[in-house]
Amino acid sequence: MNRLLQIPNYFYPHIGGIEQVARDIADFLREAPVEQKIICFNEDAVDGGLSCRRGETVCETVDGLDVTRCGCFAKAVSQSLSVSYPAQLKRLLREFKPDTVVFHYPNPFVASFLLPALPADTRLIVWWHLDITKQKRLKKLFHNQTLRLLQRADTVVATSPNYIEGSPYLRAVQKKCRVVPNCIRPERLQMDDAARQKAGELRQKYAGKIICFAVGRHVPYKGLEYLVRASAQLDEGYVVLIGGEGPLTARLKKLAARDDKIEFLGRISPAELAPYYSACDIFCFPSITKNEAFGIALAEAMYFAKPAVTFTIPGSGVNYVSIGGESGIEVPNGDAGAFAAAIKQLGADAPLRYRYGENAQKRAAGLFLYEAFSAHLKEMLF
């Protein structure tokens, strides 16, 4: 193999779970004898001095990599729509002639362009991030196409064994599946002098309190409503810090209006997360559906030796990342009272927090670091 085309939904500076995996794959391939390119949708995004505008179709260089961004005119059921995408994809397949295509799923509209255009001798790796669950009509519309995509795939990557077991699509092609967990990049979580100072300031600000921390987009599947409801059952010996923002932010703030224990921190960039992971006593991860397929923030907090409180989510990788009774406490899904009780149990028992935190760090270091991710890629691609 000497040419690889990656097809994520978006790419940096757009920041999301799929986009981070695509960037991690690109970083690995930079050290390999491989020419690589990326095609994706364009979307408004700014980070690190790089900016994108959703309506523009551009070919540019990002991290030394050729990236084709296809301008979008609308979104339908969370899927970007682009007039230029089919032609740009066909151009890349014709001119670049990739030996391997890594296609990040879900992206059913692009699959409809890719399947008829992909040469029969091109290796197809489908990187399955999650099932389509919320958009039931979309799932039904593309059901047969999804079966054809998996049939055409040479390899199907899942981020956890739980997801293979819980997905009817992946169970049907289990022999093609291999598990490659998402990875932590320690260099993005460095505790430099500024980070240590920030962590110390947080501990001083909340001295005498158990610091609970949660971070994520404020969308329904993240379950932050249940954390807010759990906080109402805690006493004043706790503080609950909630990072991130999204369409539910105003609703969450209204729900928490009478709870002085909760502080909303707004968007926290990846570079700013380390002090919060370091300073907190308990990491709260209240996601409630399979849309949370893995939980990279959960793995990062575990890397900082923090015990987690999670819900049981059948078929999700969340309960593979953190093991109930080993690296944290797992409670029945959607039960805010049980979530509060787990926080109280950890808050009242420092040795238990330490033991679970130590186990969490060992698990994260053994399974979820970039070195393990790279080893999986090397075995799969070469």
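Where does Pro13 lie? Pro13 sits in the loop between strand 1 (3–7) and helix 1 (17–30), with helices (H or I, at least four residues) and strands (E, at least two) taken as DSSP runs numbered from the N terminus. The peptide bond that leads into this proline, from Tyr12, is cis, with omega near 20 degrees.

The structure is a predicted model, in which local features need pLDDT of at least 70 and side-chain atom pairs count only at pLDDT 80 or more, while totals for chains, interfaces and linings use all residues. Residues are numbered from 1 along each chain as its sequence is written, and side-chain values use heavy atoms, with hydrogens and water left out.

Overall, the protein has 16 helices and 18 strands. Its radius of gyration (taken over C-alpha atoms) is 21 Å, close to the 21 Å that the globule rule (2.2 Å times the number of residues to the power 0.38) gives for 382 residues, so the protein is as compact as a globular protein of that length. The C-alpha trace spans about 65 × 45 × 40 Å along its principal axes. Of the 382 residues, 56% are buried, meaning under 20% relative accessible area, against over 50% for exposed and in between for partly exposed (1.4 Å probe, protein chains only).

A second cis bond turns up at Tyr105 to Pro106, again with omega near 20 degrees. Pro106 is placed in the loop between strand 9 (100–105) and helix 3 (108–117). On the other side of strand 9, Lys97 occupies the loop that follows helix 2 (85–95), and its phi is near 50 degrees, a positive value in a residue other than glycine.

Further along the chain, six strands make up an open, parallel sheet in the order 15-14-13-16-17-18, where two strands pair if DSSP finds at least two bridges between them. Strand 15 (262–266) and strand 18 (328–331) are the edges, each pairing on one side only. From one strand to the next, the twist averages 20 degrees, with axes being lines fitted to C-alpha atoms (for helices, over the stretch in contact) and angles running from 0 to 180 degrees between N-to-C directions. Inside the sheet, strand 16 (residues 282–285) pairs with strand 17 over three parallel bridges, and Phe285 has Thr310 of strand 17 as its bridge partner.

Helix 12 lies across strands 13 (210–215), 16 and 17, at about 170 degrees to strand 16. The loop between helix 12 (296–303) and strand 17 (308–311) holds Ala305. Ala305 is not a glycine, yet has a positive phi of about 65 degrees; at 24% relative accessibility, Ala305 counts as partly exposed.

Definitions and conventions: Contact means heavy atoms within 4.5 Å.
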